Amino acid sequence: MTRGSTLPAHRLPHLTGRLPIPAQTRTPPATPVDTFNTVPAEEALASLLACLHSPCWARRVADHRPYPTVDALLAASDEAAYDLTAADLAEALAAESLPALPADAYEAAHLALDAAHAAYEARFGHVFVICLDGVPAAETLDVVLESIRSRLTNDPEDERVAAAEELRRLARQRLLETLRGAGL
């Protein structure tokens with residue numbers, strides 16, 4: 001019985017006409033930020049405008065692609081939000097809607113919230129915005145009512161700053177949700 005070569009594989013004589021097996025490389029799966037970095041500009045802008053309806057903010061975030069990490073993308077989002085002009089802020093606020101009440105909220109809560117929103121809009125000329133990230137659903141109504149009543153005491157400039165900060169937080173939260181859902 002004849003046995004094959006006992007030489008180690010790297011010492012086998014060269015076999016004519018045979019091709020070596022190419023080195024196998026593993027490409028890591030694309031991360032959500034990789035996907036965001038590579039989608040066409042129009043698609044990136046559409047995704048960003050769904051997070052915050054400010055064309056200026058969306059263009060600035062999209063134009064600075066690629067981002068090395070999600071944290072870098074979020075930092076750019078924050079910076080762009082901090083730089084919104086009064087006109088940019090007004091445009092973004094005009095596209096916002098009221099925070100939703102839990103489905104099981106009683107009718108008096110709806111009336112109280114409707115009255116608070118009406119007073120807020122009459123005082124400041126735009127919808128009340130609040131980021132409820134991390135607020136348990138059972139506490140949403142209380143947090144919204146307390147916040148709107150508290151912010152009604154602001155002067156218009158202080159409220160502009162508060163609304164801008166809430167929009168920044170909302171944009172950040174929505175951007176994270178978009179990345180998590182790979183909606184890009």
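Ala, Val, Leu, Ile, Met, Phe, Trp, Tyr, Cys and Pro are counted here as nonpolar, Asp, Glu, Lys and Arg as charged, and the others, Gly among them, as polar. Under this classification, the lining of the largest pocket comprises 8 nonpolar, 2 polar and 3 charged residues. The structure in question is a predicted model. In this model the largest pocket has a volume of about 190 Å³. Its lining consists of 13 residues, and those nearest the centre of the pocket are Pro99, Ile130, Leu132, Leu170 and Arg174. Of these residues, Pro99, Ile130, Leu132 and Leu170 belong to the nonpolar class and Arg174 to the charged class.

Charge pairing was examined next. Side chains of opposite charge can pair when their charged atoms come close. With a limit of 4 Å between a side-chain nitrogen of Lys or Arg and a carboxyl oxygen of Asp or Glu, the count comes to 9 salt bridges. One of them joins Asp78 to Arg172, with the closest N and O atoms 2.6 Å apart. Asp78 is located in helix H4 (residues 70-82) and Arg172 in helix H8 (residues 156-180), so this pair ties together parts that are 94 residues apart in sequence. The two partners fall into separate accessibility classes: Asp78 is buried, at a relative accessible area of 13%, whereas Arg172 is partly exposed, at 28%.

Within helix H8, Glu165 and Arg168 are 3 residues apart, a separation of about one helical turn. These two residues form a salt bridge in which the closest N and O atoms are 2.5 Å apart. Here the acidic partner, Glu165, is partly exposed, with a relative accessibility of 29%, while Arg168 is buried, with a value of 11%. Because buried denotes a relative accessible area under 20%, Arg168 at 11% falls in that class.

Another salt bridge links Arg169 with Glu166, and its closest N and O atoms lie 3.4 Å apart. Both residues are again part of helix H8, at a spacing of 3 residues, or about one turn of the helix. Arg169 is partly exposed, its relative accessible area being 29%, and Glu166 is buried, its relative accessibility being 13%.

Beyond individual pairs, Asp78, Glu165, Arg168 and Arg172 are linked in a network of salt bridges. This network includes the pair between Asp78 and Arg172 as well as the pair between Glu165 and Arg168. Asp78 of the network lies in helix H4, and Arg172 lies in helix H8, as do Glu165 and Arg168.

Methods. Residues numbered from 1 in each chain as written. Predicted model: local features only at pLDDT ≥ 70, side-chain atom pairs only at ≥ 80, totals over all residues. Heavy atoms only, no water. Helix = DSSP H or I, 4+ residues; strand = E, 2+ residues; numbered from the N terminus. Buried < 20%, exposed > 50% of the residue type's maximum accessible area, 1.4 Å probe, protein only. 1 Å grid on protein atoms, 1.4 Å probe; cavity = no way out; pocket = protein on both sides within 12 Å on 5 of 7 lines; lining within 4 Å. Points joined across faces, edges and corners; volume = space filled by probe spheres on them.
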